[in-house]
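Trainee: Could you take me closely through one part of this model, and then connect it to the parts around it? I would like each term given with its cut-offs.

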Amino acid sequence: MTGRLNSAQPYAIGLFRIVVGLLFACHGAMTLLGAFGGVDGKGGTAATGAWPDWYAAAIELVGGSLVLLGLGTRIAAFIASGAMAYAYFKVHQPEGLWPIENSGEGAAMYCWAMFLLIFTGSGAFGLDRLFAKRSGTQGRTASDQTPVTA
């Protein structure tokens, strides 16, 4: 059972990355472009250049799109995770200690989801992997790789 689950790990990570990236990009599109009802439910957007709303939305839209596509996943996830940590500690945490008290569940979950992607990479279905195969940098087989031991 473990062997079968381990062999499916790149696909599970790839699907996780796609879902998280899509949802993150949608949040940015809502704030930046007024999609999905916008910030006020009537198509409203954040004022251009408004700190931190407009910049956070730009990071969400661009970073989420890059994560969705699996292009520069680790760097995009690093920036997105930092943006969500900032959002949690500057916007939500002053309202209460726990995310359930301060409505910061989304920021906390995105922060940790993106943080995980920094370490796992894009998994399957990512453009990173496609470009790596073309350049020959990821052409090693499983038998060529040295396992990590504690």
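How far is the sulfur of cysteine 26 from the closest cysteine sulfur, and in which residue is that sulfur?

Mentor: The sulfur of cysteine 26 is 20 Å from the closest cysteine sulfur, which belongs to cysteine 111, and this is too far for a bond. Before going on, note that this is a predicted model, in which local features need pLDDT of at least 70 and side-chain atom pairs count only at pLDDT 80 or more, while totals for chains, interfaces and linings use all residues. Residues are numbered from 1 along each chain as its sequence is written, and side-chain values use heavy atoms, with hydrogens and water left out.

A disulfide here is a pair of cysteine sulfur atoms within 2.5 Å, and a search of the whole structure finds 0 of them. Cysteine 111 is accordingly in no disulfide, the nearest cysteine sulfur being that of cysteine 26 at 20 Å. For accessibility, buried means under 20% relative accessible area, exposed means over 50%, and partly exposed is in between, with a 1.4 Å probe and protein chains only. Cysteine 26 has 25% relative accessibility and so counts as partly exposed, whereas cysteine 111, with a relative accessible area of 13%, is buried.

Next comes glycine 28, which lies in helix H2; helices (H or I, at least four residues) are DSSP runs, numbered from the N terminus. Glycine 28 is buried, with a relative accessible area of 0%. Its C-alpha atom and that of alanine 57 are separated by 4.3 Å, although the two residues are 29 apart along the chain. If contact means heavy atoms within 4.5 Å, and residues up to four places away in sequence are not counted, glycine 28 touches Leu33, Ala57, Glu60 and Leu61.

Glu60 also takes part in the contact of helix H3 with helix H4, where the H3 side is made by Ile59, Glu60, Gly63, Leu66 and Val67, and the H4 side by Thr73, Ala76, Ala77, Ile79, Ala80, Ala83 and Met84. The axes of H3 (residues 53-69) and H4 (residues 73-92) come within 9 Å and cross at roughly 145°, where axes are lines fitted to C-alpha atoms over the stretch in contact and angles run from 0 to 180 degrees between N-to-C directions. The crossing is left-handed, a term used if the near helix is turned anticlockwise from the far one by less than a right angle. The residues of this contact divide into 9 nonpolar, 2 polar and 1 charged, with Ala, Val, Leu, Ile, Met, Phe, Trp, Tyr, Cys and Pro counted as nonpolar, Asp, Glu, Lys and Arg as charged, and the others, Gly among them, as polar.

Thr73 leads on to serine 122, a residue in the loop between H6 and H7 that counts as buried at 8% relative accessibility. Serine 122 touches Ile13, Gly14, Arg17, Gly70, Thr73, Asp128 and Arg129, again not counting residues up to four places away in sequence.

The backbone deserves a separate remark. Most residues other than glycine have a negative phi, and most peptide bonds are trans. Against that, a cis peptide bond with omega of about -5° joins tryptophan 51 and proline 52, and proline 52 is placed in the loop between helix H2 (9-33) and H3. Phenylalanine 125, though not a glycine, has a positive phi of about 70° and is found in the loop between H6 and helix H7 (127-135). Serine 103, likewise not a glycine, has a positive phi of about 60°; this serine 103 is in the loop between helix H5 (99-102) and helix H6 (105-120), and counts as exposed at 54% relative accessibility.

Finally, the aromatic rings. Rings of Phe, Tyr and Trp (its six-membered ring) pair if their centres lie within 6.5 Å, with planes under 30 degrees apart called stacked, over 60 edge-to-face and the rest tilted. By this rule there are 8 aromatic pairs. One of them is edge-to-face, between tyrosine 88 and phenylalanine 89, at 5.2 Å centre to centre and 85° between the planes; tyrosine 88 is buried at 10%, while phenylalanine 89 counts as exposed at 54%. Phenylalanine 115 and phenylalanine 119 form an edge-to-face pair too, at 5.2 Å and 70°, and, being 4 residues apart in helix H6, they are separated by about one helical turn. Tryptophan 51, met above at the cis bond, belongs to an aromatic cluster formed by Trp51, Trp54, Tyr55 and Tyr86.

Definitions and conventions:
Helices (H or I, at least four residues) and strands (E, at least two) are DSSP runs, numbered from the N terminus.
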